[in-house]
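Thanks for coming. Please have a look at the model on the screen before I start.

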Amino acid sequence: MPKPAVFLDRDGVLNQEVGYIFNVEDLQLIPGIAQAVRRMNDFGLFCCLVSNQSGPARGYYSTRHVDALHNRLCQLLAQEAGAHLDALYYCPYLSQPEGGIDPDYTLWNTWRKPNTGMLVAAAWDHDLDLHHSFMVGDKATDIDMAHNTGCVGILVKWSLATASWVVDTSITPPPTTLPPIFPLRLIGSCKICIDDTQQSIQYSSTRMR
Ligand SMILES: [Mg+2]
């Protein structure tokens with residue numbers, strides 16, 4: 001039976017947004033996110049990274065380097081909280097008008113957000129129910145991809161001032177429109193919680209700071 005998933009953007013959601021990461025050691029997790037992923041692991045939610053990574057197309061570095069970054073990401077999640085990602089998908093492609101220069105990766109591709117290729121591939125590979133899944137991202141393209149795919153987009157921003165997630169409730173749909181999902185208590189310190197009796201996801205009634 002198809003299962004729901006939580007799709008997670010990478011930069012600005014799992015690791016700190018610092019632009020293109022040329023040194024593997026410069027990839028640093030957002031504080032608290034490893035524990036959040038661990039909680040989702042413990043609830044049996046399928047956690048899947050989906051990320052646009054145009055560095056190879058721009059000629060900045062190889063896909064091997066992107067893989068090394070993801071190895072470090074997974075190592076940090078495991079070291080900090082015993083957390084893991086169930087699958088990782090990324091798009092190394094970029095069209096020439098958008099800045100692609102490496103001939104191996106310069107092309108228009110359905111995997112690039114806000115196109116739906118990564119989510120469709122993940123659903124096919126892992127028997128996922130996209131209409132009962134969530135996409136957590138920090139950019140409009142993340143939310144557009146979610147909407148293009150039929151899953152719920154949750155736009156979050158990391159607040160350095162308060163060391164907490166802020167959910168953009170102007171874009172994220174209100175609780176009444178959210179589909180049922182298995183327990184999802186917290187993402188970072190964002191107040192997204194599950195009603196265990198209703199098996200539905202709910203947001204804090206007050207705007208998060
Ligand atoms: Mg991002």
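I will go through a helix pair, then another helix, then one loop residue.

This is a predicted model, so to speak of local features we need pLDDT of at least 70, side-chain atom pairs count only at pLDDT 80 or more, and totals for chains, interfaces and linings use all residues. Residues are numbered from 1 along each chain as its sequence is written.

Start with helix 1, residues 33–42, and helix 3, residues 63–81; helices here are DSSP runs of H or I with at least four residues, strands are runs of E with at least two, and both are numbered from the N terminus. Their axes are 9 Å apart, at an angle of about 85°. Axes are lines fitted to C-alpha atoms over the stretch in contact, and angles run from 0 to 180 degrees between N-to-C directions. The two helices are therefore roughly perpendicular, a label for 65 to 115 degrees.

Next, helix 4, residues 117–126. Its buried residues are Met 118, Leu 119, Ala 122 and Ala 123; buried means 20 or more other C-beta atoms within 10 Å of the residue's own, exposed means 12 or fewer, with C-beta atoms placed from the backbone. They cover an arc of only 135° around the axis, which puts them on the same side of helix 4; the arc is that of the directions from the helix axis to the C-beta atoms. The face turned away from that side carries the exposed residues Trp 124 and Asp 125.

Last, Asp 104, in the loop between strand 3 and helix 4. Asp 104 counts as exposed, because it has 12 C-beta neighbours inside 10 Å.

Notes:
Parallel < 35°, antiparallel > 145°, perpendicular 65-115°, else oblique.
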